[in-house]
Amino acid sequence: MAIRRSSKPSQTAVLKQILKRCSSLGKKNGYDDDGLPLDVPKGHFAVYVGENRSRYIVPISFLSHPEFQCLLRRAEEEFGFDHEMGITIPCEEVVFRSLTSMLR
């Protein structure tokens with residue numbers, strides 16, 4: 001009996017793709033030679049949240065939390081990840097702040 005492999009990429013691979021996409025926005029004003037935002041510390045990435053698309057800087061360690069991964073899946077379903085602005089999280093700011101305060 002042969003073991004059948006899933007055609008879906010592993011969760012780790014998906015998270016790496018997400019991180020690469022949100023941190024490789026190209027060379028523009030405010031970006032370094034590697035295309036990373038100058039105001040985002042190493043080990044962090046920017047997300048945009050809520051109706052007003054407020055920008056939050058979050059640690060990469062959040063990617064390992066199931067609650068944050070759920071937000072990323074919703075973001076991918078609703079907005080996708082292939083756009084210039086970065087990752088947009090589809091939830092209210094107060095909910096996002098509450099969740100992230102529990103993850104720290």
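In the predicted model, Pro66, Glu77 and Glu78 are exposed on one side of helix H2, the side other than that of its buried residues. The buried residues of H2 are Phe68, Gln69, Leu71, Leu72 and Ala75, and because these cover an arc of only 155° around the axis, they are placed on the same side of the helix. The length of H2 was also examined: at 1.5 Å a residue, its 13 residues should span 18 Å, and this agrees with the 18 Å that separates its end C-alpha atoms. Following H2 comes glycine 80, which has a positive phi, near 75°.

Aromatic contacts were considered next. A search of the whole structure finds four aromatic pairs. One of the aromatic pairs is formed by phenylalanine 45 and phenylalanine 68, whose arrangement is edge-to-face, with 6.2 Å from centre to centre and 75° between the planes. This pair links distant parts of the chain, since phenylalanine 45 belongs to strand S1 (residues 44-49) and phenylalanine 68 to helix H2 (residues 66-78), the two being 23 residues apart.

Both partners of this pair were assessed for burial against a cut-off of under 20% relative accessible area. Phenylalanine 45 has a relative accessible area of 3% and is therefore buried, while phenylalanine 68, with a relative accessible area of 0%, is buried as well. Phe45 and Phe68 also belong to one aromatic cluster, which is formed together with Tyr56, Phe62 and Phe96.

Terms used:
Residues are numbered from 1 along each chain as its sequence is written. This is a predicted model: local features need pLDDT of at least 70, side-chain atom pairs count only at pLDDT 80 or more; totals for chains, interfaces and linings use all residues. Side-chain values use heavy atoms; hydrogens and water are left out. Rings of Phe, Tyr and Trp (its six-membered ring) pair if their centres lie within 6.5 Å; planes under 30 degrees apart count as stacked, over 60 as edge-to-face and the rest as tilted. Helices (H or I, at least four residues) and strands (E, at least two) are DSSP runs, numbered from the N terminus. Buried means under 20% relative accessible area, exposed over 50%, partly exposed in between (1.4 Å probe, protein chains only). The expected span of a helix is 1.5 Å times one less than its number of residues. The arc is that of the directions from the helix axis to the C-beta atoms.
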